[in-house]
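Reader: I am new to this structure and would like a close look at one part of it, the charged side chains and how they pair. Please take it step by step.

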Amino acid sequence: MRPQEIKEELKSLIEQASTTDPSLEIRLKQINRWVKDVKPGSLTAKKFVLFFLQQIIIDARTYLDIKSLTDEDKRQQYYQEMTPCQRYWYSYLFPKWLEEKDPNFETWKKNLMAGNFDQSDTEILTAVAKEIKQRGWDLWQSYIADVAMATDIIVSYELQNPLCVQLTSLSDVNSQDKFTKWKNKLKHWGIERGLFLSYDPGMDGFIKQIVDVSLENSDSLSIGVYLKFNL
């Protein structure tokens, strides 16, 4: 979608949400105020902002479709047609983000607009996602999960138990501090378990090992456990 189309779609979704879900309406209005004065040419150059806006439009459309189903059986059928990670996102995490205060909302919006994202991290996440999909398992990536919930990926393995995973390089000297902040964010959003996975980008086969550990813990990690794992 082009920037002008995105802005028009945001306005349309705000109008739809006004009669369906006040929490969604408020969030969309906040996002619309954030970008409405940014010129289309400038917005085109901000690829992370565009990616986020495209995701939030898809999320809002899907959420409004779900909210329109007043029959509970039909709503549950809608959820059952989703993958486990999709279902976890739309039935729990996305509504949670709409309903609860996001304490870092203004900060991460500024970082998105400034393009403060590590390209190497993006490339590693792309490789991890590709490996998981090639194996035939479930994966979910979201800018909201990343910037608000300290979750790079949500994975689901054989038992279909979605797990929130945060990846960080072993060379990060602040990894313990990052781990503490990560765990506190997960608890804030009611995420009951998570994996904080440190990797060495110089190690052979580290992408495969990231995937192995993430999928295994999706099945095995207990409720109430926030695991710090170093490859």
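Reader: In which helix do Lys-29 and Glu-25 lie, and how many residues apart are they?

Author: The model is a predicted one. Lys-29 and Glu-25 both belong to helix α2, which covers residues 22–35. They are 4 residues apart, about one turn of the helix. The two form a salt bridge, and their closest N and O atoms are 3.2 Å apart. Glu-25 has a relative accessibility of 16%, so this residue counts as buried, the cut-off being under 20%. Lys-29 counts as partly exposed because its relative accessibility is 36%.

A second pair is also set within one helix. Asp-177 and Lys-181 lie in helix α10, residues 175–188, again 4 residues apart and about one turn of the helix. Their salt bridge has its closest N and O atoms 3.4 Å apart. With a relative accessible area of 39%, Asp-177 is partly exposed, while Lys-181, at 52%, is exposed. Elsewhere, Glu-131, Arg-135, Lys-208 and Asp-212 are joined into one network by salt bridges that share partners.

The next pair joins two helices. Glu-9 forms a salt bridge with Arg-61, with 3.1 Å between the closest N and O atoms. This pair links distant parts of the chain: Glu-9 sits in helix α1 (residues 3–17) and Arg-61 in helix α4 (residues 47–67), 52 residues apart. Glu-9 counts as buried because its relative accessibility is 17%. Arg-61 has a relative accessible area of 37% and is partly exposed. Over the whole structure, a search finds 10 salt bridges.

A charged residue can also be without such a partner. Asp-152, in the loop between α9 (143–149) and β2 (153–156), is buried yet has no salt bridge. Side chains of opposite charge can pair when their charged atoms come close. For Asp-152, the nearest side chain of opposite charge is that of Lys-178, 7.3 Å away. A salt bridge requires the nitrogen and oxygen to be within 4 Å, so Lys-178 does not form one with Asp-152. The side chain of Asp-152 instead reaches a backbone atom, the nitrogen of Leu-167, at 2.8 Å.

Charged residues also appear in the lining of the second largest pocket, which has 2 of them, beside 8 nonpolar and 2 polar residues. Glu-192 and Arg-193 are among the lining residues. Helix α6 gives the most to this lining, with 3 residues. The space in the pocket is about 190 Å³.

Conventions: Residues are numbered from 1 along each chain as its sequence is written. This is a predicted model: local features need pLDDT of at least 70, side-chain atom pairs count only at pLDDT 80 or more; totals for chains, interfaces and linings use all residues. Side-chain values use heavy atoms; hydrogens and water are left out. On a 1 Å grid over the protein atoms alone, a cavity is a set of points where a 1.4 Å probe fits but cannot get out, and a pocket is an open set with protein on both sides within 12 Å along at least five of seven lines; lining residues have an atom within 4 Å of a point. Grid points are joined across faces, edges and corners, and a volume is the space filled by probe spheres set on the points. Ala, Val, Leu, Ile, Met, Phe, Trp, Tyr, Cys and Pro count as nonpolar, Asp, Glu, Lys and Arg as charged, and the others, Gly among them, as polar. Buried means under 20% relative accessible area, exposed over 50%, partly exposed in between (1.4 Å probe, protein chains only). Lys and Arg count as positive and Asp and Glu as negative; His and the chain ends are not counted. A polar contact is a pair of N or O atoms within 3.5 Å; within protein, one must be able to donate a hydrogen and the other to accept it, and residues adjacent in sequence count only if both atoms are side-chain atoms.
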